[in-house]
Amino acid sequence: MIPFLDLAPATREVRGELDAAIARVLDSGIYILGPEVAAFEERYADYCGVSACIGVANGLDALVLALRAVGVGPGDEVIVPSHTFVATWLAVVHAGATPVPVEPLETTFNMDPARIEAAITPRTRAIVPVHLYGQPADLDPILAIARRFGLKVVEDAAQAQGARYKGRRIGGHGDAAAWSFYPAKNLGALGDAGAVTTNDPEIARQVRLLRNYGSEVRYYNEAVGHNSRLDPIQAAVLSVKLAHLDAWNERRRAVAAAYLDGLRDVLPLPAVPAGMEPVWHLFVVRHPRRDLLKARLEEAGVGTHIHYPVACHQQKAFAAMPVAGADLPIASRLADDVLSLPMGPHLSLDEAARVIAAVRHVLRSPDLADGAAGRDG
Ligand SMILES: *Cc1c(COP(=O)(O)O)cnc(C)c1O
């Protein structure tokens, strides 16, 4: 069986370094913020080429705090992709605002910049592009629209650690970028963790306040803050794993290259437009009989996942909001036909070849064959 993702091999590969890093925190006697958090923040800011990184408790909080820090609040509207992980929308609601969805390009799965302007109203305050599946959203046109309408841009970079847009690492293109270090992300902690990166010192200051009860000086509270600090053990773990991130992303690229080459004539595959350097958090294909394809692959020993099976506007959580009745055919269609193949830095090229062979084999069965038109065929 080839699992969709196995996190244990990454831990095994750096186990000695992790043990030493965790022991350092245990021996330090400092268990909230402190030097390990500051050290990771500095390393990750350098890695992203930005002036500030603020460690927080998880990716959802990173989005909420970044939105609040750029001034999003009650009464505001925030433009989000219709096709994304639910946390993007939840963050907008937690910040007191209303999510306004924009449909994606079906070739890249990312927010279609050409559809943004029609979604802007006098109440729009910000845009949240998501670099979904590890591929950068098309930031330049999004930033141009934001400038023209006086909107803030908070990037949801949870799936894009190390990705580049037009040669520059994700993290500082917009006003702020929100990161998740959930264990399965390209840079993953051994539990929950997150961060905000920014080049704006005032936004950095606001996020620092908000993650720590709204307080810069202990017991003096400037804002109604959160308790959302990056845990020092997770910070120490992340510093260890950050040193391996580029090598691990390279291995993901090799797997993606194998899939792109081995499946191009049998399935629609993700497009990588010029200027995008994705990090292949996920490798997502599409098929009109997705559930049957998933079941057949399972029988053939290949584990897959669906990212994501229910479109945000069709989630119960948002049933009371205006978006609940929205007509978002692309998001609805993607929820029905996307399928994520095994992907990760510890998936061998031999395993990737077996995935390719299994996909090609199951697609030959008559009940699946006619739905699987590849880009060439
Ligand atoms: C993982 C993820 C989040 C949320 O991160 P958590 O750390 O799980 O809270 C937000 N947005 C996207 C696109 C994600 O993939």
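**A note on the strands and helices of this predicted model**

1. Let's start with strand β13, residues 283–286, which is covered on both faces. Phe-283 and Val-285 are buried on one side, and Val-284 and Arg-286 are buried on the other. Do keep in mind, as you look at these side chains, that the model is predicted. As background, side chains in a regular strand alternate between the two faces of the sheet.

2. Which strand does β13 join through four bridges? The partner is β14 (residues 338–341), and the two run antiparallel. If you would like one pair to look up, Arg-286 has Val-338 as its bridge partner in β14.

3. Elsewhere there is an open sheet of seven strands with mixed pairing, in the order β1-β9-β8-β5-β4-β2-β3. At its edges lie β1 (52–56) and β3 (98–102), each of which pairs on one side only. On average, and ignoring direction, neighbouring strands of this sheet are turned by 25 degrees against each other.

4. Within that order you will find β4 beside β5. Residues 124–127 make up β4 and residues 152–156 make up β5; they pair in the parallel sense, over two bridges. One residue pair to check here is Ala-126 with its bridge partner in β5, Lys-152.

5. Now for the helices. Helix α4 (residues 59–69) lies across β1, β2 (77–81), β5, β8 (176–180) and β9 (194–198). Relative to β8, helix α4 runs at about 165 degrees. Helix α5, residues 87–94, also packs on the sheet, where it touches β2, β3 and β5. The direction of α5 makes about 175 degrees with that of β2.

Terms used:
Residues numbered from 1 in each chain as written. Predicted model: local features only at pLDDT ≥ 70, side-chain atom pairs only at ≥ 80, totals over all residues. Heavy atoms only, no water. Pairing = 2+ DSSP bridges. Axes fitted to C-alpha atoms, helices over the stretch in contact; angles between N-to-C directions. Contact = heavy atoms within 4.5 Å. Buried < 20%, exposed > 50% of the residue type's maximum accessible area, 1.4 Å probe, protein only.
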